[in-house]
Structures are given as C-alpha cells and as structure tokens.
Amino acid sequence: MKTKIILLVFAMFLGLSATSQTSNELNPEIKRFLEVNGSSAAYDMMFDQLSMQLKQMAASAPDSVWEDIKLNIFEPKLKDLNQLTGAMYLKHFTVEEIKEMIAFYESPVGKKLAGLTTQITMESMGVSQQWAMEVFQKMQQHLTDAGYITSSPFVQYSYLLITYWT
C-alpha cells in the first residue's frame, strides 16, 4: 500500500515537473512559426522603437545601459510575450496546422507576405482612418439633417480615433 502511494506521489510530481518545464519552454513549432511569419522581426523592431523614445528622455545614458535594459528587461519580457502568443496560436490551431502555416511562410509568397506585413498594416491603418472619417462625417450629416444633433461631435470622434488606433 505504501509503495502504491509513493508511486502515485512520484508520478504526480513528475507530471507537475513536466508541466512546468513545458510551460516555460516555447513549443518548437510555435517558435519557428513566429520566426517565419515575421513576428520575431517585428518584436526586434519594438525594442528599437521603445528605446528610441526613452533615449530622448535619458540622453545621457551610455550604450551599456541600453544593452543592460535589452538583456535584463526586454528579452525576458519578450519570452513572456512569445509564451502568450504561442498559447494563443495553440488555442486556435493544432500543431499540424502550425506546421502547414510554417510551410506556407517558408514558400516564396509566404516570405513576401511576412516581409510586407508591417508595411501593409501601416498602410491599411491610414486607409481605414480616412475611410472611418468619411463614414463618420456622412453619418453625422445624416443625423444633423434629421434633426437629431445640432452641434458637431467631432471632438468625440477624435477621441474615438485616438483610443482605437493607439
């Protein structure tokens, strides 16, 4: 009886140990997927953008400070982001599907898409903002013509745009 209890406790311990190890390590397929779809490159640019803003406030900080920040703050938090992103993909896709997506992103058209995703996103944000302003103005005019509003709610719209796009 004692042997069975000891084996059960040992098996539970091994299961917890294995779970904690896999939760701290990024699934290799997810890691590869984030590399080939351009996410990793975008994350690298993120540090440059964040530190550029901070360098304006801390102009006297030497390069060694920024290297320390990247190594001890940004990179560990980037691992957290990869874990969260990986969990999100594994929630919606099987490992087999992720392998298929990797194959796509390793194809010529997939590489092209990965390389242009950031640019396309930026361009589509501009187009979407312009479109939203035009639609908003038409909606506002319709409500004004119908007598439902008398003053311009443009300030509310500006707030909406700022909160939506930032």
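**Exercise 1. Decide whether Tyr-105 is buried or exposed in this predicted model, and do likewise for Phe-104.**

Step 1. Tyr-105 has a relative accessible area of 16%, and because a residue counts as buried under 20%, Tyr-105 is buried.

Step 2. Phe-104 stands at 36% relative accessibility, and since the partly exposed class runs between 20% and 50%, Phe-104 counts as partly exposed.

Step 3. For the background to this result, buried residues make up 17% of the 166 residues in the protein chain.

**Exercise 2. Classify the aromatic pair that Phe-104 and Tyr-105 form, and find which cluster of rings they belong to.**

Step 1. A pair of aromatic rings is described by the distance of the centres and the angle of the planes.

Step 2. A search of the whole structure finds 5 aromatic pairs; in the one formed by Phe-104 and Tyr-105, the rings lie 5.1 Å apart, centre to centre, with 75° between the planes.

Step 3. Because planes over 60 degrees apart count as edge-to-face, the pair of Phe-104 and Tyr-105 is edge-to-face.

Step 4. Ring pairs also link these two residues with Phe-33, Tyr-89 and Phe-93 into a cluster.

**Exercise 3. Place Tyr-105 in the largest nonpolar core, and list what it touches farther along the sequence.**

Step 1. The largest nonpolar core has 10 residues in all, and Tyr-105 is one of them, together with Ile-30, Phe-33, Leu-34, Val-36, Tyr-89, Ile-98, Met-101, Ile-102 and Ala-114.

Step 2. Helix 2 (28–36) and helix 5 (95–106) each supply at least two residues of this core.

Step 3. Leaving aside neighbours within four places in sequence, Tyr-105 is in contact with Phe-33, Val-36, Asn-37, Gly-110, Lys-111, Leu-113 and Ala-114.

**Exercise 4. Describe the largest pocket and state which elements line it.**

Step 1. The largest pocket has a volume of about 360 Å³ and is lined by 14 residues, of which Ala-42, Met-45, Thr-117, Thr-118 and Thr-121 lie nearest its centre.

Step 2. Helix 3 (39–57) and helix 6 (108–145) are the elements that give two or more residues to this lining, and the largest share, 6 residues, comes from helix 6.

**Exercise 5. Where in the protein chain is confidence highest, and where is it lowest?**

Step 1. The protein chain, which has 7 helices and 0 strands, averages a pLDDT of 80, and 76% of the residues score at least 70.

Step 2. Confidence is highest in helix 5, at a mean of 96, and lowest in helix 1 (residues 2–24), at a mean of 37.

Step 3. Over residues 1–22 the pLDDT stays under 50, and for this stretch the model has 0 contacts beyond four places in sequence.

Conventions: Residues are numbered from 1 along each chain as its sequence is written. This is a predicted model: local features need pLDDT of at least 70, side-chain atom pairs count only at pLDDT 80 or more; totals for chains, interfaces and linings use all residues. Side-chain values use heavy atoms; hydrogens and water are left out. Rings of Phe, Tyr and Trp (its six-membered ring) pair if their centres lie within 6.5 Å; planes under 30 degrees apart count as stacked, over 60 as edge-to-face and the rest as tilted. Buried means under 20% relative accessible area, exposed over 50%, partly exposed in between (1.4 Å probe, protein chains only). A nonpolar core is a set of buried Ala, Val, Leu, Ile, Met, Phe, Trp, Tyr and Cys residues joined through side-chain atoms within 4.5 Å. Helices (H or I, at least four residues) and strands (E, at least two) are DSSP runs, numbered from the N terminus. Contact means heavy atoms within 4.5 Å. pLDDT is the predictor's confidence in each residue, from 0 to 100. On a 1 Å grid over the protein atoms alone, a cavity is a set of points where a 1.4 Å probe fits but cannot get out, and a pocket is an open set with protein on both sides within 12 Å along at least five of seven lines; lining residues have an atom within 4 Å of a point. Grid points are joined across faces, edges and corners, and a volume is the space filled by probe spheres set on the points.
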